[in-house]
Amino acid sequence: QVPLEDHVIYSGNIFQYIEENKKWRNRFCVVPHNYGLVLYENKLAYEREQPPRVLVNSAGYKVLTSVEQYLELVNNSLPGVTPKSGHSPILKCPTDFPLVLWHPYARHYYFCVMTGKEQEKWRAVFQDCVRHCNNGISEDSRVEAPAFTDAIRMYRQSKEQYGTWDMLCGNETQVLSNLVMEELLPELRSTIGPRLKGKAPERQRTWIQVSDAVYRMVYELAKAQYDAAVARCEQERPQLESTIRTDMDQIITSKEHLASKIRAFVLPKAEVCVRNHVQPYISSILEALMTPTSQGFAEAREVFFKEVTDMNMNVVNEGGLEKLVEYMEKLSHLAFHPVKMQSCYEKMDQLKLEGLQQRFDVSSTSVFKQRAQIHMRQQMDDAVFTFETLLHQELGKLQGKDELCKSIQRILERVLKKFDYDSSTVRKKFFREALLQITIPFLLKKLAPTCKGELAKFQELIFEDFASFILVENTYEEVVLQSVMKDIMQAVKEAAVQRKHNLYRDSMVMHNSDPNLHLLGEGLPIDWSEEYSGQPEPEPAAERRRRAKQVVSVIQDDEGALPYGAEALLQPGSPEARQPEQAQPGLPPSPPDAVQEIREALAQEGLGDADVPSEAEVPHVTPRSSVPASPVPRADVPSVPSVPHGTAAPASPRADVPAEAEVSRVTAAPPGGQSPSAACHQHGDKEPGQHGDSPPQPRGTTESGEGVQTEF
């Protein structure tokens with residue numbers, strides 16, 4: 001199901017650096033429910049449902065907030081090519097608040113905003129996009145997904161690459177492309193690097209373009225071969241299923257016999273290795289993981305408590321059931337609000353495995369940070385859903401504000417109790433998985449010299465007919481896992497007994513303690529606005545799609561412009577500014593009267609340059625449309641392009657949308673009349689021509705003030 005159907009996460013204006021003409025342009029950026037970044041020419045183009053300029057899949061990207069960080073990464077990507085002091089670097093930002101999307105192989109994206117508050121909001125939104133897109137392999141697949149990730153891990157281990165891998169992110173094709181580029185890039189650098197001409201910044205810029213072009217080629221090849229491999233698996237599946245069902249008993253017996261032989265050979269060596277090299281460090285690793293993770297879950301609990309408490313006070317003070325409906329619509333998407341959840345996510349930034357990181361070959365802690373953050377979001381979503389359902393059950397029995405207030409408080413206490421037990425269970429599972437993810441590759445690397453070469457002799461213990469079902473390598477890893485699992489379980493159990501981080505012993509979790517929790521099964525989502533607004537007829541579905549609501553508010557329409565005289569910007573009225581820029585291949589030309597159309601649209605809406613709607617005027621009606629679950633693309637929103645970088649999107653037939661009286665209202669993302677993958681085959685970004693002496697800039701965004709109702 002789609003938790004954010006008929007919603008966008010965020011939309012607003014942001015300055016983007018266009019590499020083709022080395023200029024900064026104001027773009028209208030929309031983040032739909034599938035967490036792609038969709039960049040339009042301006043807000044008017046979005047409202048008129050014109051095709052977007054660029055679609056960005058942010059899997060594998062890092063969000064940087066300083067030019068210095070970016071220049072350091074660029075300098076490291078091409079050793080020996082560093083701009084001399086006094087020379088212009090590859091990127092100059094005209095404001096003090098840059099935002100850079102950096103990728104080790106794909107194209108980079110450069111943005112900037114006018115204030116630190118805007119920068120923090122966009123950073124939270126971008127990081128949410130990266131977090132979601134990185135988690136691109138569906139967890140609903142209980143067999144195919146683990147098999148794929150195990151195959152990737154075993155391939156890297158065959159190349160003597162153990163430990164965690166930062167680029168295991170995105171969908172299957174992106175992961176395979178990253179795997180190829182990891183091996184290909186050093187050779188590419190040594191072959192092409194010395195042949196690059198020009199000054200250091202130009203060579204760096206050319207290198208990024210070369211890497212991006214090769215990455216796209218690799219992606220297309222990997223996608224074709226992966227799809228063919230999946231098709232072959234599907235063809236072979238019926239015959240394999242027939243065999244395994246017929247011979248299940250013999251297969252299990254054969255596997256147990258193989259495991260016993262491998263266990264007798266490997267287990268003594270593994271236990272010595274665990275005792276000497278792993279056991280002394282388990283408590284240190286666990287403590288390093290527990291502190292930031294538990295703080296993050298505690299912050300999520302506090303955010304939920306504060307939101308519900310504020311809602312309760314406002315409902316009592318402002319007007320009963322009608323206000324309750326309004327606030328519940330906002331609360332229903334709290335878990336998907338990147339700005340409000342940022343305080344929870346930031347707790348994981350404290351995670352450090354200093355000293356342990358090198359010992360256990362952990363290249364980066366980002367894998368564990370993002371996993372814990374996803375758990376936080378899921379726990380918050382579960383708490384909100386539980387609160388919604390219990391409150392919905394109570395509403396029919398309540399009389400007056402006082403009873404409503406008491407009922408909300410009572411339900412809040414029950415949900416917080418459930419949150420504590422659930423978060424304890426989730427955290428203990430996360431700690432066990434993280435400890436295994438850190439220690440197992442280390443053990444396999446330690447045991448490889450003495451055990452890996454001897455595994456071939458165990459192959460003869462497997463009947464040829466069962467060779468597709470029983471793998472020696474898998475059985476060997478199971479034995480290694482068993483050797484350390486007992487110590488890990490014991491360490492987590494002792495942490496729960498101490499209750500230092502608000503963990504509970506398993507025996508303390510009372511599964512039947514709340515008689516109403518059995519009513520919380522998956523059911524139809526609660527649509528608060530339709531059920532309690534008293535409107536005789538619900539809003540048509542087509543109208544709801546057209547009026548997409550924002551999870552993060554607000555779009556404030558003010559004339560955003562970069563500082564006058566900033567480098568890389570042409571001054572309005574100059575001869576160069578009047579010349580239309582050359583269009584990139586595959587993009588429609590910019591209409592010569594685009595600026596005039598913007599002026600006319602603003603005039604029709606009654607907005608001059610200084611006539612800015614206040615935050616209080618922004619509408620805040622958002623119907624909940626489905627039960628929160630992992631978002632999936634829909635046809636009426638531009639899907640996140642599966643290719644790992646942004647491209648120009650082809651035009652698609654779309655109906656005109658009349659301008660709203662309140663321009664803060666955002667419209668639905670464009671219908672999917674186009675193929676996202678087809679959009680990814682093109683590359684480049686066309687810039688509009690500027691006409692007249694004083695072209696107006698598209699409007700910017702600011703953070704909503706205290707008390708402003710966030711659109712949920």
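I began at Phe126, which touches Ile14, Leu37, Val63, Leu99, Leu101 and Phe111 once residues up to four places away in sequence are left aside. I note at the outset that this is a predicted model.

I then looked up the wider setting of Phe126 and found that, in the largest nonpolar core, which has 133 residues, the members touching the most other members are Phe126, Phe304, Met311, Leu324, Met380, Phe387 and Tyr476. The element that gives the most to this core is H7, with 22 residues. I also noted another core lying apart from it, one of 16 residues that include Tyr17, Ile90, Val100 and Trp102.

Staying with Phe126, I asked which aromatic cluster holds it, and found that it forms one with Tyr10, Phe111 and Trp122.

**Whole chain**

For the overall picture I recorded 18 helices and eight strands in the protein chain, and I noted that 51% of its 712 residues count as buried. When I took contacts between residues at least 6 apart in sequence, 82% of them joined residues at least 24 apart.

**Aromatic pairs**

I found 17 aromatic pairs in the structure. One of them is Tyr17 with Tyr110, an edge-to-face pair at 5.8 Å centre to centre with 70 degrees between the planes. This pair links distant parts of the chain, since Tyr17 belongs to strand S1 (residues 7–18) and Tyr110 to strand S7 (residues 109–112), 93 residues apart. Are these two rings buried or exposed? Tyr17 has a relative accessible area of 9% and is therefore buried, and Tyr110, at 3% relative accessibility, counts as buried too.

I next checked Tyr61 and Tyr109, which form a tilted pair with centres 6.1 Å apart and 50 degrees between the planes. Here again the pair links distant parts of the chain, with Tyr61 in the loop between strand S4 (54–56) and strand S5 (62–64) and Tyr109 in strand S7, 48 residues apart. Both Tyr61 and Tyr109 are buried.

**Charges over rings**

I looked for charged ends placed over rings and noted that of Arg131, which sits over the ring of Tyr345 at 3.9 Å from its centre. I also noted Arg427, which lies over the face of Phe297 at 5.8 Å from the ring centre.

**H7 against H9**

Returning to H7, which spans residues 248–318, I looked at how it packs with helix H9 (residues 338–345), and found an angle of about 145 degrees with the axes 7 Å apart. On the H7 side I listed Gly296, Glu299, Ala300, Val303 and Glu307, and these meet Lys340, Ser343 and Cys344 in H9. Sorted by class, this contact of H7 with H9 has three nonpolar, two polar and three charged residues.

**Val415**

I closed with Val415, which lies in helix H12 (residues 400–451). Why does Val415 count as buried? Its relative accessibility is 3%, and buried means under 20%, so Val415 falls in that class. Setting aside residues up to four places away in sequence, I found Val415 touching Phe304, Ala383, Thr386, Phe387 and Leu390; two of these, Phe304 and Phe387, are among the core members that touch the most others. I also recorded the C-alpha separation of Val415 and Phe385, which is 9.7 Å for residues 30 apart along the chain.

Technical notes
Residues numbered from 1 in each chain as written. Predicted model: local features only at pLDDT ≥ 70, side-chain atom pairs only at ≥ 80, totals over all residues. Heavy atoms only, no water. Axes fitted to C-alpha atoms, helices over the stretch in contact; angles between N-to-C directions. Helix = DSSP H or I, 4+ residues; strand = E, 2+ residues; numbered from the N terminus. Contact = heavy atoms within 4.5 Å. Nonpolar A, V, L, I, M, F, W, Y, C, P; charged D, E, K, R; others polar. Core = buried A, V, L, I, M, F, W, Y, C linked by side-chain atoms within 4.5 Å. Buried < 20%, exposed > 50% of the residue type's maximum accessible area, 1.4 Å probe, protein only. Phe/Tyr/Trp six-rings, centres within 6.5 Å; stacked < 30°, edge-to-face > 60°. Lys NZ or Arg CZ within 6 Å of the ring centre and 35° of its normal.
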